[in-house]
Amino acid sequence: MDAGIHSIDCDIHPSIPGTKALMPYLEEHWRDHLSFRGIDDVELTYNAYRNPFSCRPDWRPPTGKPGGDPSQVLEQALDAFGASIGILNPLWGGPVVYADDMAFALCHAANDWIAATWLDRDPRLRASMLVPFESPELAAEEIEHRARDRRFVQVLLLAMTEAPLGRRHYWPIYRAAARAGLPIAIHAGTGYRNPPTGIGWPSTYVEDYAAQTGGFQTQVLSLMTEGVLTKFPELKVVLVESGVAWLTSFLWRLNKTWRGVRIEVPWIKEAPAEILRRSLRMTIQPLNAPKGEEQVRRMLDHIGGDHMLLFSTDYPHWHFDGGDAMPPGLPAALHRKIRLDNPLETYSRLMETLQ
């Protein structure tokens, strides 16, 4: 394929080993603060590395967190699946720490650590930047600073936040991202500032995990109805690890309801589904779709969007076995588009690789 670029993996998860690894990148005040308080890690509970879903069994290292060894990640995620570029999405608790200044310091240090430990190691790697998204002004400051490094290609948020992401409280993030030409990635996960379901706290992990789809739907609704996608029409929103099939009925219901009550949202001047087809992108692991090619083709026709799908392995998470990261049923004629063309269109900074 073009310039030797065969495919782009849009969702690889490196692990941050703990705050000790970040000490060289923190100001003295924060080094002393973390040491004094005995804070050796701020692991994201939703992505607890001991959870079986957090790592496919044959990818789990004998010791340490999954995704912690760059050599292993490069071999198992990029080399094994023929990916020429991999986008790192570090899932970590730093962005959701309640203390705003600490969250900012941790995100800033983690981004420096990712750049030095991963991006400097292999030119095939790119990364999402961590930001303290519950403090949008500080998040915008980190975006403006980090955007100078062209290897950071998007801004990473979680699917379950303190308030719906469309609220104007969060708009400094989108303004800074749009100015830098960076997509917003929303990944499954939560900081547990609210219950992960709309009716309270669940009893089991399986409820928590399955409820993430509702979180994604709420965020897409909010970004649409609050006017983010019309205020920032150039902004791309990438749903990572969201599944895909749920979008078919969601778009139908959204269009239907908008026709009846669109007086509430005069800034939406065309069918919401059309705006979402322009702005929304989705990674393919997990696809959560029927396995037959005809059924998958019908699903893609319903959402109107084979251009919306981005190749991903979701390494090292356990969404598939074996050596084929393309889910069953995706027509072979779309493989190049999903593996290469769609990611290049979504991430403008990756086009620099071809120049």
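## Overall build

Of the 355 residues in the chain, 57% are buried, a figure that belongs, like every other value in this report, to a predicted model. The chain is built from 13 helices and eight strands. Its radius of gyration is 19 Å, close to the 20 Å that the globule rule gives for 355 residues, so the chain is as compact as a globular protein of that length.

Measured out along the principal axes, the box filled by the C-alpha atoms is roughly 55 × 50 × 45 Å. Among the contacts with a separation of 6 or more, 81% join residues that stand 24 or more positions apart in the chain. The chain exposes about 15000 Å², and 53% of this area is supplied by carbon and sulfur atoms.

## A mostly covered helix

Helix α11, which runs over residues 272-279, is mostly covered, since six of its eight residues are buried. These buried residues are Pro272, Ala273, Ile275, Leu276, Arg277 and Ser279. What do the buried residues of α11 pack against? Their partners include the helices α8 (212-225), α9 (228-231), α10 (247-261) and α12 (293-303), together with the strands β6 (237-240) and β7 (280-283).

## A buried arginine without a salt bridge

Arg339 is part of helix α13, which covers residues 335-346. Although Arg339 is buried, it has no salt bridge, and the nearest side chain of opposite charge, that of Asp324, is 5.5 Å away; this is beyond the limit for a salt bridge, which requires the nitrogen and the oxygen to be within 4 Å.

Which backbone oxygen does the side chain of Arg339 reach? The oxygen belongs to Phe81, and the distance is 2.7 Å. Leaving aside residues up to four places away in sequence, Arg339 touches His6, Ser7, Ile8, Phe81, Gly82, Phe311 and Met326, so that Phe81 appears both in this list and as the owner of the backbone oxygen.

## Salt bridges across the chain

The whole structure holds 20 salt bridges. In one of them the side chains of Arg124 and Asp79 meet, with 2.9 Å from N to O. Arg124 lies in the loop between α4 (100-119) and β3 (125-130), whereas Asp79 lies in helix α3 (residues 70-79), so the pair ties together parts that are 45 residues apart in sequence. Both partners are partly exposed, Arg124 with a relative accessible area of 25% and Asp79 with one of 45%.

Another salt bridge links Arg179 with Glu144, whose closest N and O atoms are 3.4 Å apart. Because Arg179 lies in helix α6 (residues 171-180) and Glu144 in helix α5 (residues 136-146), this pair ties together parts that are 35 residues apart in sequence. Arg179 is exposed, with a relative accessible area of 56%, while Glu144, at 46%, is partly exposed.

## A bridge within one helix, and its network

The side chains of Asp301 and Arg297 also meet in a salt bridge, at 3.9 Å from N to O. Both residues lie in helix α12, four residues apart, which is about one turn of the helix. An α-helix has 3.6 residues a turn, so residues three or four places apart point the same way. Arg297 counts as partly exposed, at 26% relative accessibility. Through salt bridges that share partners, Arg297, Asp301, Asp306 and Lys337 are joined into one network.

Terms used:
Residues are numbered from 1 along each chain as its sequence is written. This is a predicted model: local features need pLDDT of at least 70, side-chain atom pairs count only at pLDDT 80 or more; totals for chains, interfaces and linings use all residues. Side-chain values use heavy atoms; hydrogens and water are left out. Helices (H or I, at least four residues) and strands (E, at least two) are DSSP runs, numbered from the N terminus. Buried means under 20% relative accessible area, exposed over 50%, partly exposed in between (1.4 Å probe, protein chains only). Lys and Arg count as positive and Asp and Glu as negative; His and the chain ends are not counted. A polar contact is a pair of N or O atoms within 3.5 Å; within protein, one must be able to donate a hydrogen and the other to accept it, and residues adjacent in sequence count only if both atoms are side-chain atoms. Contact means heavy atoms within 4.5 Å. The radius of gyration is taken over C-alpha atoms; the globule rule is 2.2 Å times the number of residues to the power 0.38. Accessible areas come from the Shrake-Rupley method with a 1.4 Å probe; for residues, only the protein chains shown count as cover.
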